[in-house]
Amino acid sequence: MLALTELGQRLRQERESKGLSLEDLQKLTKIQKRYLLGIEEGNYEVMPGKFYVRAFIKQYCEAIGLDTDAIFEEYKSDIPSTQTEDMPQQLSRVRSRKEIPQHTKGVSKAYDYLPTVLVVAGVVVVGIIIWVIAQNIVSDKNKEQANQEAPNSEVQQSNTQEETNETTAKNDNSKSEDEQSAADKKEQEKEKAEKEKEKEKAAKEKAEKEKAEKEKAEKEKKDSGKQEYKEVQKTGRSATYALSGTDAFNLEVTSTQADTWLDVKNGKGNAFFSSILKKGETKEFDLTKETEARVNIGYSPGVELKVNGKAVDLPFDASKQVRQVVTIQYQPAEAQ
């Protein structure tokens, strides 16, 4: 194993402090595990090129929550420059005639006879198809002749069967009118009872739904008149917001597109969560007793934030700023 560079040691320590394995980091960055190991060991020879070294190191830093600009400045002696990137020697696979092995000449001669072989095969296939069609025509004629010569007993048998069916139908229709009437009445009463039951159920569900909607509307109206969430400052990839006019501070974070690194701490630096938030997973935090919360998002595309059940926008465009840090300062309504 190669000796770790200062940069490699720093990155590995930061990754292990987050509880991440190389497999976890591979899922987050989409970078192959052998390249991530090469970065930690300073073995840049395994990379496709110097440009990829810098790009992979940047993605590594963003995934574990490090400032890439500061890392590149601090360890610039460990990171190769891309100014003299060389063209891979085996980029082109085109070879001249002189490079083609002589043993392929025999194969070329075989290709000369290929058209003749294909023509002969085509003629054989066409002949087989014609023979099959002729056999089918002869078979159809024989069947038609046999049907014409069949005895009239089949027709007579068919007529007898029809007469039997008619007799059976008449016997079935001769069922007592009283029995039929009683059965119809019983069926109607059953259908009526089921309809009444369904009607009562629908009315009950409607009343419950209207009550729930009314209570929800009243609660939202009450909350909307108090809660205020406004931007205080914004710099780099960090932004600060002030939450006021409410006696609750509940934070909800959901990742909808991909796995992301999530770190949630209070103003004193105590961590509530510091790990990978899986795609489709939601984490909820009751921060009512805190005065400040810091939310560090490693991969912001597809991440949704809600404060007290209300969706709030991320401070920056996720397509331009992948990693974002949101600080929320909270002042309870009763303290105002």
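## Exercises on a predicted chain

Ser300 has a relative accessibility of 1% and therefore counts as buried (buried means under 20% relative accessible area, exposed over 50%, and partly exposed in between, with a 1.4 Å probe and protein chains only). The model is predicted, and local features need pLDDT of at least 70, side-chain atom pairs count only at pLDDT 80 or more, while totals for chains, interfaces and linings use all residues. Residues are numbered from 1 along each chain as its sequence is written, and side-chain values use heavy atoms, with hydrogens and water left out.

### Exercise 1: the surroundings of Ser300

Determine in which loop Ser300 lies and which residues it touches.

Step 1. Ser300 is placed in the loop that runs between strand E7 (292-297) and strand E8 (303-307) (helices, H or I of at least four residues, and strands, E of at least two, are DSSP runs numbered from the N terminus).

Step 2. When residues up to four places away in sequence are not counted, Ser300 touches Leu314, Ala318, Gln321, Val322 and Gln324 (contact means heavy atoms within 4.5 Å).

### Exercise 2: how H1 packs on H4

Describe the geometry of the pair formed by H1 and H4, and list the residues that make the contact.

Step 1. The axes of helix H1 (residues 6-17) and helix H4 (residues 50-64) come within 10 Å and cross at roughly 30 degrees (axes are lines fitted to C-alpha atoms, for helices over the stretch in contact, and angles run from 0 to 180 degrees between N-to-C directions).

Step 2. This angle makes H1 roughly parallel to H4 (under 35 degrees is roughly parallel, over 145 roughly antiparallel, 65 to 115 roughly perpendicular and the rest oblique).

Step 3. H1 and H4 cross in a left-handed way (the near helix is turned anticlockwise from the far one by less than a right angle; clockwise is right-handed).

Step 4. From H1, the contact is made by Leu7, Leu11, Arg12, Glu14 and Arg15, and from H4 by Ile57, Tyr60, Cys61 and Ile64. Sorted by class, the contact of H1 with H4 has 6 nonpolar, no polar and 3 charged residues (Ala, Val, Leu, Ile, Met, Phe, Trp, Tyr, Cys and Pro are nonpolar, Asp, Glu, Lys and Arg charged, and the others, Gly among them, polar).

### Exercise 3: H2, H3 and the loop between them

Work out how H2 is oriented with respect to H3, and then examine Lys30.

Step 1. Helix H2 (residues 22-29) and helix H3 (residues 33-41) have axes 9 Å apart and pack at an angle of about 110 degrees, which makes H2 roughly perpendicular to H3. The crossing in which H2 passes H3 is right-handed.

Step 2. On the H2 side, Leu22, Glu23, Leu25, Gln26 and Thr29 meet Lys33, Leu36, Leu37 and Glu40 of H3, and the residues of this contact divide into 4 nonpolar, 2 polar and 3 charged.

Step 3. Lys30 belongs to the loop between H2 and H3, and its relative accessible area of 67% makes Lys30 exposed. Although Lys30 is not a glycine, it has a positive phi of about 65 degrees. Most residues other than glycine have a negative phi.

Step 4. Asn308, in the loop between E8 and strand E9 (310-312), also has a positive phi, near 55 degrees, and is a residue other than glycine.

### Exercise 4: aromatic pairs

Classify the pair Phe51 and Tyr52, and then the pair Tyr229 and Tyr241.

Step 1. The structure holds 6 aromatic pairs (ring centres of Phe, Tyr and Trp, the last by its six-membered ring, within 6.5 Å; planes under 30 degrees apart are stacked, over 60 edge-to-face and the rest tilted).

Step 2. For Phe51 and Tyr52 the ring centres are 5.7 Å apart and the planes stand at 80 degrees, so this pair is edge-to-face. Phe51 is exposed at 52% relative accessibility, whereas Tyr52 is partly exposed at 39%.

Step 3. For Tyr229 and Tyr241 the ring centres are 4.8 Å apart and the planes are at 5 degrees, so this pair is stacked. Tyr229 is in strand E1 (residues 228-235) and Tyr241 in strand E2 (residues 238-244), 12 residues apart. Tyr229 is partly exposed at 22% relative accessibility, whereas Tyr241 is buried at 7%.

Step 4. One aromatic cluster is formed by Tyr35, Phe51, Tyr52 and Phe56.

### Exercise 5: Ala63

Decide whether Ala63 is buried or exposed, and find its contacts.

Step 1. Ala63, which is found in helix H4, has a relative accessible area of 9% and is buried.

Step 2. Leaving aside neighbours within four places in sequence, Ala63 is in contact with Leu25, Leu28, Thr29 and Trp261. The C-alpha atoms of Ala63 and Arg323 are separated by 8.1 Å, with their positions 260 residues apart along the chain.
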